[in-house]
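Trainee: I would like to learn how to read strands and helix contacts in a model. Please take me through it.

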Amino acid sequence: MSARAYERARILFQHLGCDEATFKGSLCSEKTIDDIDVKTLNQIILRISKQDMETREKVIKLFEDPDFTLKWDMHYQEFRSITLKQLKKIISHKLLDACTLRDDPTKFLTIFEVISYNDSSLSTKMGVHFSLFGSAIVNLGTERHQKYLNEITEFTLPGSFMLTELGHGSNVRSLETLATYDKTKQEFVINSPSVTSQKYWIGNAFDAKAAVVFAQLYTEGKCYGVHGFVVRLRDDEGTLQPGIYVKDCGHKIGMNGVDNGRFMFDNVRIPRENLLDKYGGVEVDGSYYSKIKNSTVRFAKMLGTLVAGRALVSIGALSMGKCVVTTAIRYALDRKQFGPNQKPEVPLLDYLSHQRRLFPLLARGYAYLFGMNYLKEQLEQKDSDQKKLHILAAAMKAFSTWYGLHAADVCRQACGGQGYRSENRFGFYRADGDVSTTFEGDNTVLLQQVAAAMLKDFQSQFTKGNLAVGLLNFFAEEVSVRVKEKILYKREDNNPNIYNLRNFICRLLNLEKRLRSKTLPRGSGS
């Protein structure tokens, strides 16, 4: 560590209320820095196994291939062609299969995260095929749908996922697409009854041979709500099936490597067996059956199995945020500007105004990363409360995507003219990250769901029994949270890397509040 960097770290710890003696034994001391095992720290921060670290390194190794080099002046059709070629190359390395997201979500999220560092068009196209199309069949289908899994893994049956309509995005229960059962032929008839019922912003629109289409299920004259159906879109040669119409969504603000389109269906017939019937199905005679009698609960169960999709959006946004913040901080350490008379210019990061731009983003990035780690843990646990998991994923998705977009904007400005160059990727991340605030659920709507759940949970503490008991339970929980926070500052094990990381990050997470609440000494450095 250079003398300047050491001094900058010392002053930072002073701002955070750390005395000189504590600082000398902290993460930033010369001896501790030299002794840190970076690989071990990465495993601690990312909370993934040695096997997944190896997976991460394999994916990173892939990007040394010239085929993964990004270009900035492509027509969107060329971009799509290159993205498809890259996806096929990743699949050829057999790093994942149709069931990876269900059986080993951390591994899938790790692969998705690393790919997102390089190109979010590629990670999104992969996500549409595996985590939307594939996971819908895995999680909503039954034994008779297992026949699709090998084709999904091998990418011989590229897939898409049709939920969103022109007239309905967040309000999924009001989808207009119809799936009417014809018991004389034992088939469902898929129809788009209006302009607003067309399936819109469908990824893999021009490469997919099949799709999971969500539609209102009608049988014997009665509607049983939204269900998923496997619909063959194209034959093996890629020719569109009769009754299916598709139009290109055209050039977009970002993610132009993804082939988005809009679909309409005109009396498209599919076998009865193509209904994904884990939570509800139709007998040959047209009678509907389900173990879950309440239609609201059944609907929530169906969509609950798709919660991992929001985790992917979150991790993609955090990947973007980590890239732009890292780039901006490194640049600020290297770029010098002004300084005392007759003395060398000083790095940008020595200026308080620059610290206030970047340090809060760094602190929030760690906070969201730890939140993401917790969400991963919940996804790994098969007995997790699905309702709480849905709320957690919704909150993480909203905050992390807003964070990534805001970080890209602030860091672009913090790098001045260099931030405006395409090869430094700030514009690339801003454009690609924009859509993440609205797909997989509009952020504002998601936070309304989160707020409603939190209020209901809060209310339940006072309605389960005696009001006095409720108050005592509430305050006991608050005290428990405070105690747990304090424990993070204590050294509980013999691993100095773990201790120093916790200590440093806990202080870092308080930095934003401190920066906003008091003025740091003038000319104090960082």
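Mentor: Buried means under 20% relative accessible area, exposed over 50%, and partly exposed in between, with a 1.4 Å probe and protein chains only. This is a predicted model, in which local features need pLDDT of at least 70 and side-chain atom pairs count only at pLDDT 80 or more, while totals for chains, interfaces and linings use all residues. Residues are numbered from 1 along each chain as its sequence is written, and side-chain values use heavy atoms, leaving out hydrogens and water.

Trainee: Along strand β9, which side chains are buried?

Mentor: Strands (E, at least two residues) and helices (H or I, at least four) are DSSP runs, numbered from the N terminus. In β9 (residues 268-271), V268 and I270 point to one face and are buried, whereas R269 and P271 point to the other and are not.

Trainee: How many bridges join β3 to β9?

Mentor: Strands of a sheet pair through backbone hydrogen bonds, either parallel or antiparallel. Here two strands pair if DSSP finds at least two bridges between them. β3 (residues 187-191) runs antiparallel to β9, joined by four bridges; E187 is opposite P271.

Trainee: In what order do the three strands of the open sheet lie?

Mentor: The order is β4-β8-β7, with antiparallel pairing. β4 (199-202) and β7 (244-248) are at the edges with a single partner strand each, so one side of each lacks a neighbour in the sheet.

Trainee: Which residues of α12 meet α15?

Mentor: Contact means heavy atoms within 4.5 Å. M320, C323, V324 and T327 in α12 meet F426, Y429, R430 and G433 in α15.
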